[in-house]
Structure formats: structure tokens, C-alpha cells
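Here's a quick briefing to keep open beside the structure. It goes through helix packing, then domains, then the contact between chains.

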Amino acid sequence: MDVNVSLTVNGKKVTGKAEPRTLLVQFLRETLGLTGTHVGCDTSQCGACVVHIDGVSVKSCTILAVQCEGKKVTTIEGLAKDGKLHPMQQAFHENHGLQCGFCTPGMIMSAVDLAKRNPKPSETEVREWLEGNICRCTGYHNIVKAIMAGAQASHDLKG
Amino acid sequence: MYEFEYQKPKTLAAAADVLKKKKDAKLMAGGMTLIPTLKLRLAKLSHVVDLAGMKDLVGIKATKAGVTIGAMTTHGAVAASAAVKKAIPALAHLADGIGDPAVRNRGTIGGSISNNDPAADYPAGLVGLGATVVTTQRKIPADKFFLGMFETALKRGEIVKAVEFPIPKRAAYMKFPNPASRYAIVGVFVAETADGVRVAVTGAGGCVFRVPEMEAALAKKFAPESVVGVSIPTDGLNEDIHASAEYRAHLVTVMAKRAVAAAIGG
């Protein structure tokens, strides 16, 4: 039986119908049409579906939409402001932090969470943080470079 | 996933009531095991009872005697807690090694121990430190809480509220993680406590267990070489595509040795 779910997605209040078993990622992609959040493995391993719930990174394939009632969700679509890429997105662009690009939304959402906690992560800290984000192209070298640059840029922006 | 009803009760009494009335209802804490289990259709539930509304189950309290961690406290919060890092750094280290950051942002101590996965980290921490599980009905010593694979002393409708950890003299946790899931292929928690030395092993068998021979050897001399000669029998150890029973038995000694060295090193 469908229930109503109300939450804030990328700053906008939304209400939609969902079954109790509907996953947040299904709700985002199928009900709200926000297809930037990807489903890679669907078994909580790959991290392509990472979004922020109340500011912290969560795998949206492993949380029910109904659990997000009243919460603030940010997806990859919510990072750019006024047509300007978020510093982490810009860093991925500049460092070519992707190959096929499928894992990129989750990589960037995880990286933004890391940068908030640790404005100057070392290469080791970035690689450890990416434990739950898998790049099937094995393009980690530039992803790590991008995250280090993006964390620095996010920090500089805040002053 | 099979269909189910979702409930988010406001009180523990209301949650316990649903469990008593509906035999196919189950509690959900962080959902990091329950949701994947439902997705694989390994479980079919009538009701999922979400404990996320219980704010008083979240938090960490430290005193001179010990650290109390609320059941709905996430692994990430335990790993980042200055109080835990100061009082029992081995426990913060254990929490920091569970799954990955996004999983640690949701997964909870209460959920982990109630599920009692044979390869989970927390059971080793609780048994290794001689912790006490506080439930809605009683206090259960860790040694009597974990009964077998996915089996605990919890009764129907009994809910974990918190875990009380005494502060050890020194302790460390070392695990050999599965490179994909980060679950322990073998994890060993060693602690020198007021009541003696405790060695708890996870991942190797069907349920967390202690190694009395290692505890006795370490009580005489708390040094890595004390455990080198102690090996555990392979009978009843887990065997899968990741590691044979012999390999797991070998890893228990290796991880115990490393844990003792780490406990001494600080």
C-alpha cells in the first residue's frame, strides 16, 4: 500500500507516493526523475548511489524512502549553484577524475562529505575514504587527485 | 523485496508491543544488514519497526568507570568520539573499520550486536572488553549475550538500549578484513582488564568466542610471544571461498599477536 513521503530534495520540498519497500534511490530516480544518482551494484557495495541525508553520505540503495520523511536530501543535481559547478565537481572536471563516468555522482557526493570533515585529506585518507566507492574502470589515480584538489578548493572558497 | 508495513513508534514500549503482536515483525536500527537481507528476499516480514525515532538511544556517555554507548549510536559517531578515543581507543578503532564511511553513517551498535553476524566486529569488542548489554528488561554480560550464529540471548520483544564498556588497562583490535566487504575473515580483540586478560575472536567460527589458552599465557606475560605457540583447533571453524578453516585458525594466532603488540605499543 502506498504511503505519502514528504522530504526536502536539493532545497525543494517534495511529496510523493511510495510503497514502504521503495528504496530512496528508486524514489529519487523514478518518482522525482532525478537520474543523476546511479544504481551500480544494488548490494550496498559500489557507492554509485551515494547521496547526502541531513549532510552525511548515505547509500540511497540501502535506505527506504519512508525513512527519509522530513529529512533533507542532497543529490548530485543539488551541488551546482546558479549554473556554477561545486568546487568538487570542478576538480573532477579539471583532473579528469573519471573514465566512463558511471561511479562519478557517488564519488563526488562521498568526496564532498570527506572534504567537510577533513579539508586537507592525504592521499591515504582519500583512498581509505573511498572504501565504499568502486570505480569499475579502475580510474582511481585521477579520482584521488581530483578529491585532494577539490577538498582544498572547497576549503579556500569558505576562507 | 517482499511487501511489508512500515512503522516508526515513538516509544520502546510501543515497539515491543508490535513485536509481541506480529510474529513476522522485525526491528530496524540502521538497516545496513536488514535492508540488503530484504532486498535479496532472504527474509519476508509483515512489519518493519524503525527505531530511528528513539532519540534517547543515541549518544555516548563517559565516566571514570566506563563508557556507555546508546544502541542507536552509529559506528561513525563511535569512531569520531573524543570520549571513546580517550577512554578505549581500541573500540574507536574497531568502529572505524566497519564497512565503509556511508555504512558507518547509518549502521548502529545495537543493530550490529542484535544481529550477531559471525563476522561482525562489535561482538569481539563486547566480549573482549567484558561489556554489559542493557536491554528493556535486564542487563546481560557480553559472555552470555552472543549464543550462536545470528542468535543472541534477546527474547521476543526485548530491545537493546545501550552497551556499557568498562575501561581496560590496555586493549587492541586487529582484523584481517575481507577485501570487498570489510567484514572480518578473522578479528581478534585483546584486552588487559581489571578482571584479567580477555581474548575474543570474531569471523573465525559461527559466533564470537574466547581463547582461554591465550588468556592464560598473556596473564603470565603480556607480550606478543606469549600467544605465538598457542594455536586453536580447526574443528567448527568457518570455511568458505575466502578462507579455509586451517587458514582461519592460523590467522587467529597472527591477529592475536598483532593485537597484543598494538596494545603494548599504545
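In which sense, right-handed or left-handed, does α2(A) pass α5(A)? The crossing of these two helices is right-handed. Bear in mind that this is a predicted model, so read everything below as computed from it.

**Helix α2 of chain A against α5**

- Helix α5 of chain A covers residues 140–158, and its axis comes within 8 Å of the α2(A) axis, with a crossing angle of roughly 145°.
- On the α2(A) side, the contact uses A:P87, A:M88, A:A91 and A:F92.
- Facing them from α5(A) are A:I143, A:A146, A:I147, A:A149, A:G150, A:A151, A:A153, A:S154 and A:L157.
- Sorted by class, that contact has eleven nonpolar and two polar residues, with no charged ones.

**Helix α2 of chain A against α3**

- Helix α2 (residues 87–94) also packs on helix α3 (residues 104–117) of chain A: the axes come within 9 Å and cross at roughly 125°.
- That angle is why α2(A) is described as oblique to α3(A).
- The crossing of α2(A) past α3(A) is right-handed.
- From α2(A), the residues involved are A:M88, A:Q89 and A:F92.
- Their partners in α3(A) are A:T104, A:M107, A:I108, A:A111, A:V112 and A:A115.
- Seven nonpolar and two polar residues make up the α2(A)–α3(A) contact, and no charged ones take part.
- A:M88 and A:F92 are worth picking out on screen: they meet α3(A) and also belong to the α5(A) contact.

**A helix pair in chain B**

- Over in chain B, helix α5 (residues 89–96) and helix α8 (residues 122–129) pack at about 165°, with axes 10 Å apart.
- With that angle, α5(B) counts as roughly antiparallel to α8(B).
- α5(B) goes past α8(B) in a right-handed crossing.
- B:L91, B:L94 and B:A95 of α5(B) touch B:Y122, B:G125 and B:L129 of α8(B).
- This contact breaks down into five nonpolar residues, one polar and no charged.

**Domains**

- Chain A is assigned two stretches, domain 1 (3–78) and domain 2 (87–158).
- Measuring from C-alpha centre to C-alpha centre, the chain A domains are 21 Å apart.
- Domain 1 of chain A puts 18 residues into the contact, and domain 2 of chain A puts in 17.
- Together the chain A domains bury about 1,200 Å² between them, with 58% of that coming from carbon and sulfur atoms.
- For chain B, the assignment gives domain 1 (1–53) and domain 2 (170–265).
- The C-alpha centres of the chain B domains are separated by 34 Å.

**Where the chains meet**

- The size of an interface is often given as the accessible area lost when the parts come together.
- For chain B with chain A, the buried area is about 2,000 Å², and carbon and sulfur atoms account for 58% of it.
- B:K39, B:N105 and B:R106 supply 24% of what chain B buries against chain A, more than any other three residues.
- Counting contacts, 23 residues of chain B sit against 23 residues of chain A.

Technical notes. Residues are numbered from 1 along each chain as its sequence is written. Chains are lettered from A and ligands numbered from 1 in the order in which they are written. This is a predicted model: local features need pLDDT of at least 70, side-chain atom pairs count only at pLDDT 80 or more; totals for chains, interfaces and linings use all residues. Side-chain values use heavy atoms; hydrogens and water are left out. Axes are lines fitted to C-alpha atoms, for helices over the stretch in contact, and angles run from 0 to 180 degrees between N-to-C directions. Helices (H or I, at least four residues) and strands (E, at least two) are DSSP runs, numbered from the N terminus. Angles under 35 degrees count as roughly parallel, over 145 as roughly antiparallel, 65 to 115 as roughly perpendicular and the rest as oblique. A crossing is left-handed if the near helix is turned anticlockwise from the far one by less than a right angle, and right-handed if clockwise. Contact means heavy atoms within 4.5 Å. Ala, Val, Leu, Ile, Met, Phe, Trp, Tyr, Cys and Pro count as nonpolar, Asp, Glu, Lys and Arg as charged, and the others, Gly among them, as polar. Domain bounds come from an automatic or database domain assignment. Buried area is the accessible area (1.4 Å probe) that two parts lose on being put together, summed over both.
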